[in-house]
Amino acid sequence: MAAAGSAVGLGNLWKFPYVTWSNGGGTFVLVYLLAVILLGIPIMMAEILVGRRSQKSPVPAFESLGSKRWTPIGWLGVAAAGVILSYYSVIAGWSLRSFVQCMGWSIHGYQAPAAKAFGLFLANVPMQLGLTLLFSLATALVVYRGVSGGIERTTKLLMPVLFLIMIYLGITAATMSGSGHAARMIFTPHMSRFHPRIVLEAVGQSFFTLSLGLGAMITYGSYLDKKASVFRSAASVVVLDTFVALMACFSMFAIIFSVPGMKEKVGASTVGMLFVTLPGIFYQKMPGGLILAPLFYVLVAFAALTSTISLGEVLVSSFIDYKHWSRRKATIVASSLVFLGSILAALSNGGMKALSTFAFFHDKHGVMATLDYLAANWMLPLGGLGTTLFVGWRLDPLVLQRELGMKKATWLFHAWVWILRVVAPAAIAAILVAVAMGKDFS
Ligand code: PHE
């Protein structure tokens with residue numbers, strides 16, 4: 001459940017719909033689904049296995065099962081966790097604002113916000129910094145208290161509620177006039193749109209949404225019961241995660257195609273899709289929306305929190321293991337460092353021009369988009385590449401087989417090992433090289 005909590009988060013609700021939109025829909029979704037099945041499940045199994053076998057946090061895990069030579073994979077993951085946490089906290093803060101806004105609408109009646117409202121909110125510096133700070137403090141507090149205990153119990157209760165609301169949302173969206181258009185956009189691939197950059201985005205998204213490539217699943221794997229099935233754990237996380245992502249995406253697209261003026265409102269800032277599109281449907285189409293709208297954004301914040309604590313835990317457990325700091329000191333140092341990055345990210349959506357407009361990578365403007373691109377599309381796939389090579393070539397297949405609880409090596413086991421040895425590394429490397437070398441293939 002905790003692993004599912006780490007996986008399901010803003011990656012599903014915020015990012016998947018908007019990158020699917022920006023990448024034109026079906027082609028992206030198809031490549032994404034292939035990546036989830038071919039890379040996601042095998043690598044998730046590999047990470048959980050490394051964690052459970054070593055009973056350690058990522059960096060020492062690579063050292064104890066392999067040697068010091070393998071630790072850079074762990075450190076790359078720690079760096080990626082810091083980068084992601086810095087901008088993720090900013091977006092998580094937006095859900096707090098949506099919650100307050102929906103409370104107001106539920107009490108005083110819904111009034112559609114002006115088209116520019118979200119852009120103004122993004123450019124409001126004190127607001128952005130305040131919300132980010134609030135969310136970062138919440139993350140730090142939970143990580144300081146330890147991941148088990150309260151958070152596990154709360155996750156078990158709240159995640160199912162989130163799933164139920166998602167299903168209800170999806171059903172309501174399906175009755176809207178734009179639902180057919182939405183389904184076609186998501187599920188019809190156009191091979192003419194195929195492009196190595198779309199493939200990199202899809203692979204990056206699959207790593208990001210499944211919390212792979214930085215050791216989060218190694219950390220959580222170290223807590224997994226020795227009797228639990230690694231395959232079943234990995235597969236159920238992947239299925240849940242994909243379901244939530246597709247549901248969120250379908251609902252938002254259906255609204256965009258049904259409500260006049262919604263396209264313009266989402267407009268230039270597709271980044272804010274989650275926060276711009278949904279309130280309208282809650283208040284105008286959904287019986288019970290008055291209660292469900294504020295509840296939904298609380299759950300978004302909560303889903304984000306169960307993800308940020310897994311990122312925070314990677315950072316903090318590495319500091320504890322390597323610097324021998326107390327949990328308290330490690331949490332304070334890690335959170336403060338990350339918050340410095342958060343300040344830059346928080347001002348990069350219009351708050352400060354210099355931070356918002358520069359573009360090192362084609363259409364990625366500003367600090368937040370740049371950090372997201374670097375972490376999700378480069379650091380995570382590289383970390384995943386390292387992990388597949390480590391598990392495929394460095395670890396003994398007999399050990400793998402035993403850790404998976406298999407008495408005999410079935411053909412599925414062999415297939416998995418060869419995916420880790422050859423297929424996954426070759427695919428990831430080919431995509432990274434293709435994008436790094438070619439400016440444009442179209
Ligand atoms: N998987 C989380 C999400 O989809 C984000 C995340 C990435 C969490 C990497 C941990 C590690 O929101």
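## Exercises on a predicted model

Glycine 146, just after helix α7, takes a positive phi of about 95°. The model is predicted. The exercises start from this helix.

**Exercise 1.** Check the span of helix α7 against the expected value.

*Solution.*
- Helix α7 covers residues 125-145, which is 21 residues.
- At 1.5 Å a residue, the helix should span 30 Å.
- The end C-alpha atoms of α7 are 30 Å apart, so the two values agree.

**Exercise 2.** Find what lies at the start of α7, and list its buried residues.

*Solution.*
- At the start, a side-chain oxygen of asparagine 124 comes to within 3.3 Å of the backbone nitrogen of methionine 127.
- The buried residues of α7 are Gln128, Leu131, Thr132, Phe135, Ser136, Thr139, Ala140, Val142 and Val143.

**Exercise 3.** Are cysteine 102 and cysteine 249 buried or exposed? How many disulfides does the structure hold?

*Solution.*
- Buried means under 20% relative accessible area.
- Cysteine 102 has 0% relative accessibility, so it counts as buried.
- Cysteine 249 also has 0%, so it too is buried.
- A disulfide needs two cysteine sulfur atoms within 2.5 Å.
- A search of the whole structure finds zero.

**Exercise 4.** Test the protein against the rule for a compact globule.

*Solution.*
- For 442 residues, the rule gives a radius of gyration near 22 Å.
- The protein has 21 Å, which agrees.
- Its C-alpha atoms fill a box of roughly 60 × 50 × 40 Å along the principal axes.
- Of the 442 residues, 57% count as buried.

**Exercise 5.** Count the helices and strands in the protein.

*Solution.*
- The protein has 20 helices.
- It has zero strands.

Key
Residues are numbered from 1 along each chain as its sequence is written. This is a predicted model: local features need pLDDT of at least 70, side-chain atom pairs count only at pLDDT 80 or more; totals for chains, interfaces and linings use all residues. Side-chain values use heavy atoms; hydrogens and water are left out. Helices (H or I, at least four residues) and strands (E, at least two) are DSSP runs, numbered from the N terminus. The expected span of a helix is 1.5 Å times one less than its number of residues. Buried means under 20% relative accessible area, exposed over 50%, partly exposed in between (1.4 Å probe, protein chains only). A polar contact is a pair of N or O atoms within 3.5 Å; within protein, one must be able to donate a hydrogen and the other to accept it, and residues adjacent in sequence count only if both atoms are side-chain atoms. The radius of gyration is taken over C-alpha atoms; the globule rule is 2.2 Å times the number of residues to the power 0.38.
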